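This report covers the salt bridges of one structure and the exposure of the residues that form them.

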Amino acid sequence: MSAVVTASSVFLASFPSPDRGVWHLGPIPIRAYALCIIVGIIVAIWWGERRLVARGGQAGTVIDVAVYAVPFGLVGGRLYHVITDYDRYFGEGKNPLDALKIWDGGLGIWGAIALGAVGALIGCRRRGVPLPAFADAVAPGIVVAQAIGRIGNYFNQELYGGHTDLPWGLEIYKRFNDAGIEDPLGGVAAADHEQIVGSPVHPTFLYELLWNLAVAALVIWADRRFRLGHGRAFALYVAGYTAGRTWIELMRTDTARHIFGVRINVWVSIIVFLAAVAYFIYAQRLGEREDLAALTAEPDETEGAEPAEPADESEPEDEDAEEKEPSAEDEPANVPAGKPDEDDKPAEPTAKDD
């Protein structure tokens, strides 16, 4: 009986969190969250570039647009987080400069997408690429980048749900800094791995990670099957992501702003979901997928130029000369019948005739 209990406990064991989320290279902190964000951005750009070129776009376009979209997205994501959690940074006893610490509190995906789209619009206009076509190309890469970013939440021990006894429950440890003060983000777990109250918990960040990968697969399948264009692949990504984010958000226990007793991100997810579905349906009437090769082709240097006038020597001086019948005066005299005149022999070709 004891062997069965032991085997059962091993099978139902929860999985641990990392001991820390920050390593120090001398005075320089190396944060797992930041590394995950960077890797996600690289994957999104690489994959988006491949998809855009496959659709007929020019190589290097996604990288050029990312120069605008990525900084705008980072700023927008941080602004959304600070606005919706302003009491963490403003008010009595608060330091407003903490709002600049992107590693403390992270980013809000809604602000990142919204302001990132503004940066992408600027980059697309400079490259002459329609924003909807660009968005369709980068959509799967963006949602995969979000999935990679959730790994950073795992290292930070954040964005988890309530207590669970399920086999995939996540253990959350108390972390302490060098001064012995509890520090969930910058600290290190104690040797005994003391857990917080309520641990193990639902790993909602993991649920979202897996959901995002499923959405990416859905977008790729639908795009290949129906040749989505005019921003419909991007709309499908947004609708799919928000559908999952709604129920996952309801499971989370971290502090959040509420409206009518419901977390604000739930309301935002519902509104954005409805908008994405509406656009997906509307864009269907815009026709087949855009021909990026034609839309982004370089204009011909000779296009619009007036045709050159033909050389004067190529024109006959007398338009009727070719139709003029030979007269008797032009015929050679005293030429025996059947014997061709030497002047009638074909002339030897010259270099000019070549």
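**Arginine 252 and its network**

In this predicted model, arginine 252 and aspartate 254 form a salt bridge through their side chains, at 3.0 Å from N to O. A salt bridge here is a side-chain nitrogen of Lys or Arg within 4 Å of a carboxyl oxygen of Asp or Glu. Through shared partners, salt bridges connect Arg245, Glu249, Arg252, Asp254 and Arg263 in one network.

Arginine 252 is buried, at 11% relative accessible area, while aspartate 254 is partly exposed at 24%. Buried means under 20% relative accessible area, exposed over 50%, and partly exposed in between, with a 1.4 Å probe and protein chains only.

**A link between two loops**

Glutamate 194 and lysine 174 also pair by their side chains in a salt bridge, 3.1 Å from N to O. The two are 20 residues apart and link distant parts of the chain: glutamate 194 lies in the loop between strand E4 (188–189) and helix H6 (204–226), and lysine 174 in the loop between helix H5 (131–156) and strand E3 (175–176). Helices (H or I, at least four residues) and strands (E, at least two) are DSSP runs numbered from the N terminus.

Glutamate 194 is partly exposed at 36%, and lysine 174 is partly exposed at 23%.

**Lysine 101 and the total**

A salt bridge of 3.0 Å, N to O, joins the side chains of lysine 101 and aspartate 98. Lysine 101 is partly exposed at 33%, whereas aspartate 98 is buried at 19%. The whole structure holds 13 salt bridges.

**Basis of the values**

Residues are numbered from 1 along each chain as its sequence is written, and side-chain values use heavy atoms, with hydrogens and water left out. Local features need pLDDT of at least 70, side-chain atom pairs count only at pLDDT 80 or more, and totals for chains, interfaces and linings use all residues.
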